Amino acid sequence: MTTRRGFIGGAAALAALSGCETCGVRSACAKKRWYKGNLHTHTFWSDGKAFPDEAVAWYKSRGYNFLGLSDHNMFQDDPDSWIAAVGDNEADFTPEWAKRPTRRYVFTAKQRYFDDYLTAFPDAKTRTTANGRLEARLSTFEELSARFNAPGEFLLLPDVEATRSVQYSDGRIHQLHMNYVNLPQLLPSYVEPGFKRIANDIPLGAFLGSHAKETAALAQSMGRPHLFILNHPIWRWYDVGPEVVVENPSVRFFEVCNNGSPFKSGEGLPSDGFDTDRLWDVANAFRMRRGQPLLYGIGTDDTHRYRGEPCDMLMPGNAWSLVRAESLDAASLIAAMNAGDFVTCEGLEPDDVSFDPSAGSLAVSAPAGLSVRTVRFIVTKRDFADKPVGKVTVRPEQHKGDMKFQREINIYDEKIGKVVKTVRFRPGEPVRASYTLADDDLYVRARIEECGATLCTAALHPQGVRVAWTQPYANPAT
Ligand SMILES: [Zn+2]
Ligand SMILES: [Zn+2]
């Protein structure tokens, strides 16, 4: 019996004792354990509705092992950032927040947020301005790390959500949101805050690529490992189609599940079910055909709100990643994620995931559910068609604000992302399933699902289902 939180036991562990580096079975490393984390969180440093101390305390107190505070175009390093308390009828933001010529955001927050904060953190730094307003100083990343980090238990990672728009001469506007992790500063091109629009026609793929490149160069100059993540690619404005991801093989991570960006029908998700799972498979089909590295999918809360019903959109605690690493430090976590040794969870966690490259088999296990649990194994067949077989149209009336134009996304044939094996488990029955790659499979991944027992009504993908996603595993014979 293997357990998620404990060390891996049984035959796999015995194999591992002879050296997990060489045995090749991903689950077999006896000295590794799973660490739970969320890499997409906002605070008052940008447009999140909590002081950063409160955000970190929320996650740490609920057993998370790592967390990234990914404020928009902001790293939390300025020790002289203050926000002012305002009445309940005043706006949370000063409207000019995105236009300031300095890096500093200028935010305000309702008095009740201050009341909560000062009760929980009585040592918070406050001051009263000349006009009688209460202000509180925002804790920096360094201060938060010193307060909350605990060896082997909890680690705060540097994290930034690079947030930009591209405007095209025909009026279209696309946004790109990209998190980069473990680089404690802004990208050199992001010295100005806000969602700046760049009024030129740079293709979206090139724009994504330039950010990945700039981030990699920054990581190299700092001598630090990093992650670069494409966020919520199928936001209601269809920011990124699969071809954009295929075009950028250096982008290794994307959010298959994001709790901050609606996927509800009528808010951008067409009725024929194009979703982030489809995008993932299309990207990996073409990547494998071209000999490029696989794309991995993560799950995040994209937390903006901390007061509300659990499972609401933008609330914490709905989607996370479990990373199987040797120790709780940035280098180990990032190495494990780059190796694809992590699971993405929306309300459901596996006990174990193992891939045996010599047998070409993927095995998953999970605790018994209160209702039916299903394991689906998903592959892409080697002979999938290069050309799209259709298009999904996103109608303009489904959009809000300034996104009033039609977008289309390509649909590819059914040999991409094909469910090849489905195993169902009755309530109370432990989940154990495996699949062995066929010669014509390019890769395999699995989804463990539980229907009917979801607590969440949030606009998560997928809705109404608890899911754990494994990463894709390439066919070693490919
Ligand atoms: Zn975003
Ligand atoms: Zn975000």
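**Briefing: a di-zinc protein model**

Setting aside residues up to four places away in sequence, asparagine 248 touches Gly205, Leu208, Gly209 and Arg287 (contact means heavy atoms within 4.5 Å). The model is predicted: local features need pLDDT of at least 70 and side-chain atom pairs count only at pLDDT 80 or more, while totals for chains, interfaces and linings use all residues. Residues are numbered from 1 along each chain as its sequence is written, chains are lettered from A and ligands numbered from 1 in the order in which they are written, and side-chain values use heavy atoms, leaving out hydrogens and water.

**Overall architecture**

- The chain contains 9 helices and 26 strands (DSSP runs numbered from the N terminus: helices are H or I of at least four residues, strands E of at least two).
- Of its 478 residues, 58% count as buried (buried is under 20% relative accessible area, exposed over 50%, partly exposed in between, with a 1.4 Å probe and protein chains only).
- Among contacts in the chain with a separation of 6 or more, 75% come from residues 24 or more positions apart.
- The accessible surface of the chain comes to about 18,500 Å² (Shrake-Rupley method, 1.4 Å probe; for residues, only the protein chains shown count as cover), and 53% of this surface belongs to carbon and sulfur atoms.

**Zinc ion (ligand 1)**

- Glu161 (OE), His177 (ND1) and His232 (NE2) coordinate the zinc ion (ligand 1) at 2.1 Å (donors are N, O and S atoms within 2.8 Å of the metal, or 3.2 Å for Na, K and Ca; water is not among the atoms, so sites may look incomplete).
- The spacing of these donor residues in sequence is E-x15-H-x54-H.
- Because glutamate 161 lies in strand S9 and histidine 177 in strand S10 (residues 173–181), this pair ties together parts that are 16 residues apart in sequence.
- Glutamate 161 and histidine 177 are both buried.

**Zinc ion (ligand 2) and the bridge**

- The protein donors of the zinc ion (ligand 2) are His40 (NE2), His42 (NE2), Glu161 (OE) and Asp302 (OD), at 2.0 to 2.3 Å from the ion.
- Angles among the 4 donor atoms run from 79 to 169°, and the site is irregular (four donors are tetrahedral if all angles lie between 85 and 135 degrees; four are square planar and six octahedral if opposite donors are over 155 degrees apart and all others between 65 and 115; anything else is irregular).
- In sequence, the donor residues of this ion follow the spacing H-x1-H-x118-E-x140-D.
- Glutamate 161 bridges the zinc ion (ligand 2) and the zinc ion (ligand 1), and the two ions lie 3.4 Å apart.
- Distant parts of the chain are linked by histidine 42, in the loop between strand S1 (33–38) and helix H3 (52–61), and glutamate 161, in strand S9 (residues 159–167); the two residues are 119 residues apart.
- Histidine 42 is buried, as is glutamate 161.

**Salt bridges**

- The count of salt bridges comes to 18 (a side-chain nitrogen of Lys or Arg within 4 Å of a carboxyl oxygen of Asp or Glu).
- One of them joins the side chains of aspartate 281 and arginine 445 (2.7 Å, N to O).
- Aspartate 281 is in helix H8 (residues 276–289) and arginine 445 in strand S24 (residues 441–451), so this pair ties together parts that are 164 residues apart in sequence.
- Aspartate 281 and arginine 445 are both buried.
- The side chain of arginine 376 meets that of glutamate 449 in another salt bridge (3.0 Å, N to O).
- Since arginine 376 is in strand S19 (residues 373–381) and glutamate 449 in strand S24, parts that are 73 residues apart in sequence are tied together.
- Arginine 376 is partly exposed, with a relative accessible area of 23%, whereas glutamate 449 counts as buried at 5% relative accessibility.
- Glutamate 449 also forms a salt bridge with arginine 447 (2.8 Å, N to O), and arginine 447 counts as buried at 10% relative accessibility.
- Through shared partners, salt bridges join Asp277, Asp281, Arg376, Arg445, Arg447 and Glu449 into one network.

**Helix H9 and asparagine 248**

- At the N-terminal end of H9, aspartate 329 acts as a cap, with a side-chain oxygen 3.2 Å from the backbone nitrogen of alanine 331 (a polar contact is a pair of N or O atoms within 3.5 Å; within protein, one must be able to donate a hydrogen and the other to accept it, and residues adjacent in sequence count only if both atoms are side-chain atoms).
- Within helix H9 (residues 330–338), Ala330, Ser332, Leu333, Ile334, Ala336 and Met337 are buried.
- Glycine 340, just after H9, takes a positive phi of about 75°.
- Asparagine 248 is located in the loop between helix H7 (242–246) and strand S13 (253–258), and is buried with a relative accessible area of 7%.
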